[in-house]
Each structure stands twice: as C-alpha cells, then as structure tokens.
Amino acid sequence: MGWKQFLPFFITVSGIIFADLLVGIFMGLIFSIGIILKESYHNSHSVTVKDNPKGNEHKIIINLSEEVTFINKENILRELSALPLNTSLTIDFSKTRFLDNDIIEILNDFLGTSKEKKINVKIISQNEELRNPNNLNQMFLNKRKSA
C-alpha cells in the first residue's frame, strides 16, 4: 500500500530482528509518528487564487482543515506574509473543529496589519461571517462557551 505503510513495517521488523522486540516496536512507532506529523504539517489548509481579469485586485481563499495545530503555524504564516497588496482574502473556518491558540495568535497579528497592506479580510465560520475584524478572540470565545 505504498512506502508510508511499508517503511514502518520494515523498520519494526528490522528492529525486532537486529535488536529486540521492545526496541523494534519503539522504532516503528517513532517512525510512524514522524510520518503522521509530516502529513499533518502539509495538510493544514488549501489556497485558491482567483485573480480579477483587470488585474487590480487578487481574490484569495484559504480553507483551513479540520484540525489546525501549532505544527501548521509556519505554513499559514508564510501564506499570509506572501499576500500581495490590494487582496481580498477569505479565510474559511467552517470545517475546522480544532484551531490551536498559536494559529489564532498569528491570525490576530495578521488582522492587525492587514489594513496597512490594503487587504480586505472576510472570515467564515460555522455560525457567522465577519468582514475586516480587528481580532478573532470574541468569535472563538463565543464558540468555546457554546460548546
């Protein structure tokens, strides 16, 4: 079923043969956790770019995945810092079930500087839609109280 299935199996069996049972299982477990973390790192969000034919405004949609943790902070921060001037940005949280506080922090920092870069931000969640908010704290405080 591919290298992601074969390598942990191979490492576990090799560890069992050349060391002992506990070492082999531990090696396979550590390697499997590494693969899971790597996949989670790359699957935090998707970006859709829709440029205006006139070329004066970019429309970018960032859809966050179901779980976004501190592991994904660098990728999301890189996407946000690469946004050009005069951008219409939509951040869609509607499918997100868990959003780490580190991600909320970088989004709040971005929202604080987005007006200077002439970036219009629209936030979509399961329950509400915000345009150019100053921060997301109130939105997520309400969500946590209702849960």
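Which residues of β4 are buried on one side, and which on the other? In this predicted model, T87, L89 and I91 are buried on one side of β4, while S88, T90 and D92 are buried on the other. Both faces of the strand are therefore covered, and the count for β4 is 6 buried residues of 6.

## The sheet

Strand β4 belongs to an open sheet of 5 strands, arranged in the order β1-β2-β4-β6-β7 with mixed pairing. At the edges are β1 (45–51) and β7 (129–131), each of which pairs on one side only. From one strand to the next, the twist averages 15°.

Strands of a sheet pair through backbone hydrogen bonds, in a parallel or an antiparallel sense. Both senses can be followed by walking across the sheet from β1. Strands β1 and β2 run antiparallel and are joined by 7 bridges; in this pair, D51 has H58 of β2 as its bridge partner. Strands β2 and β4 run parallel, with 6 bridges between them, and here I60 is partnered by L89 in β4. The pairing of β4 with β6 is also parallel and has 6 bridges; S88 stands opposite N120 in β6. At the far end, β6 (residues 119–124) pairs with β7 in the antiparallel sense over 3 bridges, and the bridge partner of I123 is L130 in β7.

## Helices on the sheet

Helix α3 (residues 73–81) packs on the sheet, where it touches β1, β2 (58–64) and β4 (87–92). The direction of helix α3 makes about 15° with that of β1.

Helix α4 (residues 101–114) also packs on the sheet, and its contacts there are with β4 and β6. The angle between the directions of helix α4 and β6 is about 145°. Strand β4 is thus touched by α3 and by α4.

## Helix α1 and its surroundings

What does I11 touch beyond its neighbours within four places in sequence? The contacts of I11 are G24, M27, G28 and F31. I11 itself is found in helix α1. Between the C-alpha atoms of I11 and T87 there is a separation of 47 Å, and the two residues are 76 places apart along the chain. T87 is one of the buried residues of β4.

Helix α1 (residues 3–18) also holds V13. This residue is one of a group, with F6, F9, F10, I17 and F18, that makes a nonpolar surface patch of about 700 Å². V13 has a relative accessible area of 32% and is partly exposed, because that value lies between the 20% limit for buried and the 50% limit for exposed.

## Salt bridges

Side chains of opposite charge can pair when their charged atoms come close. The model has 5 salt bridges. One of them is between E39 and K4, whose closest N and O atoms are 2.9 Å apart. This pair links distant parts of the chain, since E39 is in helix α2 (residues 21–42) and K4 is in helix α1, 35 residues apart. Both ends are partly exposed: E39 has a relative accessible area of 26%, and K4 has 36%.

A further pair, R97 and E66, has its closest N and O atoms 3.5 Å apart. It too links distant parts of the chain, with R97 in the loop between β4 and β5 (98–99) and E66 in the loop between β2 and β3 (67–68), 31 residues apart. Is R97 buried or exposed? With a relative accessible area of 69%, R97 is exposed, because the value is over 50%. Its partner E66, at 44%, counts as partly exposed.

## A pair within one helix, and a network

E74 and R78 form a salt bridge with their closest N and O atoms 3.3 Å apart. Both lie in helix α3, separated by 4 residues, which is about one turn of the helix. E74 is partly exposed at a relative accessible area of 49%, and R78 is partly exposed at 44%. Elsewhere, K122, E129 and R131 are joined into one network by salt bridges that share partners.

How values were computed
Residues are numbered from 1 along each chain as its sequence is written. This is a predicted model: local features need pLDDT of at least 70, side-chain atom pairs count only at pLDDT 80 or more; totals for chains, interfaces and linings use all residues. Side-chain values use heavy atoms; hydrogens and water are left out. Two strands pair if DSSP finds at least two bridges between them. Helices (H or I, at least four residues) and strands (E, at least two) are DSSP runs, numbered from the N terminus. Axes are lines fitted to C-alpha atoms, for helices over the stretch in contact, and angles run from 0 to 180 degrees between N-to-C directions. Contact means heavy atoms within 4.5 Å. Patches are made of residues with over 30% relative accessible area and no salt bridge: like charges are joined within 9 Å, nonpolar side chains (Val, Leu, Ile, Met, Phe, Trp, Tyr) within 5 Å. Accessible areas come from the Shrake-Rupley method with a 1.4 Å probe; for residues, only the protein chains shown count as cover. A salt bridge is a side-chain nitrogen of Lys or Arg within 4 Å of a carboxyl oxygen of Asp or Glu. Buried means under 20% relative accessible area, exposed over 50%, partly exposed in between (1.4 Å probe, protein chains only).
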